[in-house]
Amino acid sequence: MQKAHVHAPSNTKRNQTSLWNFGLDRGRALTPLQHHVEDHERRVGLEDRTHWREFIEVSVPAFNHRWVREARLPDVSYDFDYVVGHGHLHYHVWTQTEIVDLLRYAGCRILFVMDRPLDRDDSFCVIAEKPGTAL
Ligand SMILES: [Zn+2]
């Protein structure tokens, strides 16, 4: 059995306009299944700049990142290569609903969903299996 365990912001604090409303990604649009399908079909990699502007304009000001000073260029813009190279760019915004949609699209069977793990209020947990891939 292949399991997927995902930690990302919970939807417990999202609003009705499908914008994320918690912490780092407050104000960002949730990423729908079709977006992931298109990213996959286009074989989008880390160099993809589709989410760059939203990340820089929405996520960066919403959180006091330790890396911001090092990522600044002389013109005060941000160095894309630095941010991506250090794994700071947050491309997509999910709740467990979007992850469940994605896993089902990939042919997985959802075994367990918890929208708010006991020890965190900014995460969720989804466990799924891909039929025919037993250990
Ligand atoms: Zn994307």
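Which residue with a positive phi follows α5? Let's work up to that and a few other puzzles, one exercise at a time.

This is a predicted model, in which local features need pLDDT of at least 70, side-chain atom pairs count only at pLDDT 80 or more, and totals for chains, interfaces and linings use all residues. Residues are numbered from 1 along each chain as its sequence is written.

**Exercise 1: Get your bearings**

Work out which helices and strands the protein chain has, and in what order.

*Solution.* Step one is knowing what counts: helices (H or I, at least four residues) and strands (E, at least two) are DSSP runs, numbered from the N terminus. Step two is the tally, which gives five helices and two strands. Step three is reading along the sequence, where the pattern is α-α-α-α-α-β-β. Now for the opening puzzle: the residue that follows α5 is G107, with a positive phi near 90 degrees.

**Exercise 2: Positive phi without glycine**

Find where R43 and V76 sit, and say whether R43 and V76 are buried or exposed.

*Solution.* Start with R43, whose phi is positive, near 50 degrees, although R43 is not a glycine. R43 sits in the loop between α1 and α2. Next you need the burial rule: a residue is buried if 20 or more other C-beta atoms lie within 10 Å of its own, exposed if 12 or fewer, and partly exposed in between, with C-beta atoms placed from the backbone. R43 is exposed because it has 7 C-beta neighbours inside 10 Å.

Now do V76 the same way. V76 isn't a glycine either, and its positive phi is about 70 degrees. You'll find V76 in the loop between α3 (68-71) and α4. V76 has 6 C-beta neighbours inside 10 Å, so it counts as exposed.

**Exercise 3: The two sides of a helix**

Sort the residues of α2 (residues 52-59) that are buried from the exposed ones on the face turned away, then look at the buried residues of α5.

*Solution.* First, the buried residues of α2 are F55, V58 and S59. Looking down the axis of α2, these fall within an arc of 95 degrees, so they line one face of the helix. (The arc is that of the directions from the helix axis to the C-beta atoms.) The face turned away from that buried side carries R53 and E57, both exposed.

Then comes α5, with Q96, E98, I99, L102 and L103 buried. Their arc is 160 degrees seen down the axis of α5, so they too line one face of their helix. What covers them includes α1 (33-41), β1 (109-114) and β2.

**Exercise 4: Follow the strands**

Describe how β1 and β2 pair, and which way the side chains of β2 point.

*Solution.* Two strands pair if DSSP finds at least two bridges between them. Here β1 and β2 have five bridges and run in the antiparallel sense. One pair to look at is V113 with its bridge partner V126 in β2.

For the side chains, recall that in a regular strand they alternate between the two faces of the sheet. In β2, V126 and A128 point to one face and are buried, whereas C125, I127 and E129 point to the other and are not buried.

**Exercise 5: Build the core**

List the residues of the largest nonpolar core and say which element gives the largest share.

*Solution.* A nonpolar core is a set of buried Ala, Val, Leu, Ile, Met, Phe, Trp, Tyr and Cys residues joined through C-beta atoms within 7 Å. The largest one has nine residues: V93, W94, I99, L102, L103, C108, F124, V126 and A128. Two elements, α5 (96-105) and β2 (125-129), each give two or more residues to this core. The largest share, three residues, is from α5.

Zoom in on F124, which lies in the loop between β1 and β2. F124 is buried because it has 23 other C-beta atoms within 10 Å. M114 is ten residues from F124 in sequence, and their C-alpha atoms are 5.7 Å apart.

**Exercise 6: One in-between residue**

Place H88 in the chain and find which residues it touches.

*Solution.* H88 is in the loop between α4 and α5. H88 counts as partly exposed because it has 18 C-beta neighbours inside 10 Å. Leaving out residues up to four places away in sequence, H88 touches H65, W67 and V83; contact takes C-beta atoms, placed from the backbone, that lie within 7 Å.

Methods:
Contact = placed C-beta atoms within 7 Å.
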